[in-house]
Amino acid sequence: MTEFNQETFELVAEIISDICSINRADITPDTHTVDDLGIDSLDFLDVTFDIDKRFGIKMPVEQWMEEVNQGNADAAEFFVMKNLVTRIEELRAEKAA
Amino acid sequence: MYLEYFQMVDRVVALDSAAETIQCIARVPDTSTIFEGHFPGYPLMPGTLLVETVAQVGGFLLMSLGGYSRLPILTQIAKAKVRRAVSPGTELQVDAKVIQVSSGIAAVEGRLNADGKPIVTCEIRYHMMAFPQDNLRAMVLSRARDIGVPVPDGESAT
């Protein structure tokens with residue numbers, strides 16, 4: 001099981017704060033990026049773009065959104081910060097394997 | 001180049017799928033209603049349309065590499081510089097290279113030259129959306145084929 005990585009959280013929070021013009025202090029591990037921060041889909045794609053570039057991964061965000069839209073997953077599984085960070089860590093681990 | 005129909009690219013000179021690059025030619029027309037206003041008595045190609053030309057070249061590159069499964073919609077222009085004025089009748093060389101493809105989003109860096117001199121440099125970011133209509137995809141394929149962008153075998157362009 002991949003554990004929450006504080007350093008990754010800080011980097012992702014900085015990316016979100018920068019791209020979406022959100023106060024960094026408003027972003028915590030329990031923050032829902034959509035429900036709490038109001039990040040729209042276009043901004044989230046830009047966030048994805050920068051996270052992919054920063055970590056050398058490809059986050060399957062469209063697939064996640066499809067799972068949520070089809071009722072196969074709760075949005076919180078992907079878009080609450082601590083879960084997002086964990087998924088980024090999983091993707092990094094997969095790439096390194 | 002057919003400004004009134006936003007057909008900015010005349011032909012593809014080369015497309016390298018492995019390197020993810022494209023080179024195109026676009027000739028600014030001698031006359032256009034656009035030049036009547038930009039500017040009266042002193043016609044110049046608008047810089048925004050030069051950037052649009054780069055965006056279309058990058059869009060064709062992304063569509064070709066992706067098998068025309070997605071339609072690139074411009075979402076961001078970054079680091080854009082328009083260095084020189086361009087007059088009617090100028091032949092432009094337009095290059096683009098993919099710099100990143102992510103989930104639902106892609107970016108290219110582009111360069112537009114004339115007579116070997118740089119005119120425009122920029123980075124263009126696109127939302128890669130599903131084609132909203134089959135006939136739009138068919139029109140895009142037809143246009144791609146007309147200007148020499150590789151189209152997969154068996155794809156209907158009508």
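Q: Buried means under 20% relative accessible area, exposed means over 50%, and partly exposed lies in between (1.4 Å probe, protein chains only); why, then, is A:Asp46 called buried?
A: A:Asp46 has a relative accessible area of 8%, and because the limit for buried is under 20%, the residue is buried. This is a predicted model, in which local features need pLDDT of at least 70 and side-chain atom pairs count only at pLDDT 80 or more, while totals for chains, interfaces and linings use all residues. Residues are numbered from 1 along each chain as its sequence is written, chains are lettered from A and ligands numbered from 1 in the order in which they are written, and side-chain values use heavy atoms, with hydrogens and water left out.

Q: What makes the contact of B:Arg125 with A:Asp46 a salt bridge?
A: A salt bridge is a side-chain nitrogen of Lys or Arg within 4 Å of a carboxyl oxygen of Asp or Glu, and the N to O distance of this pair is 2.9 Å, so the contact qualifies. The pair crosses between chains, with B:Arg125 in strand 6 of chain B and A:Asp46 in helix 2 (residues 41-55) of chain A; here helices (H or I, at least four residues) and strands (E, at least two) are DSSP runs, numbered from the N terminus.

Q: How do you know that B:Arg125 also forms a salt bridge with A:Asp50?
A: The closest N and O atoms of B:Arg125 and A:Asp50 are 3.9 Å apart, and since the limit is within 4 Å, this pair counts as well. A:Asp46, A:Asp50 and B:Arg125 are thus linked in a network of salt bridges.

Q: Which class of accessibility does A:Asp50 belong to, and which class does B:Arg125 belong to?
A: A:Asp50 is partly exposed, because its relative accessible area is 25%, whereas B:Arg125, at 13%, counts as buried.

Q: Why are strand 1 and strand 2 of chain B said to pair?
A: Two strands pair if DSSP finds at least two bridges between them, and strand 1 (residues 11-16) and strand 2 (residues 21-27) of chain B share five bridges in the antiparallel sense. One of these partnerships joins B:Arg11 to B:Ile25, and the two strands form a hairpin with four residues between them.

Q: Why is B:Asp115 called exposed, and what is notable about its phi?
A: B:Asp115 is exposed because its relative accessible area is 71%, and its phi is near 55 degrees, a positive value in a residue other than glycine. Most residues other than glycine have a negative phi.
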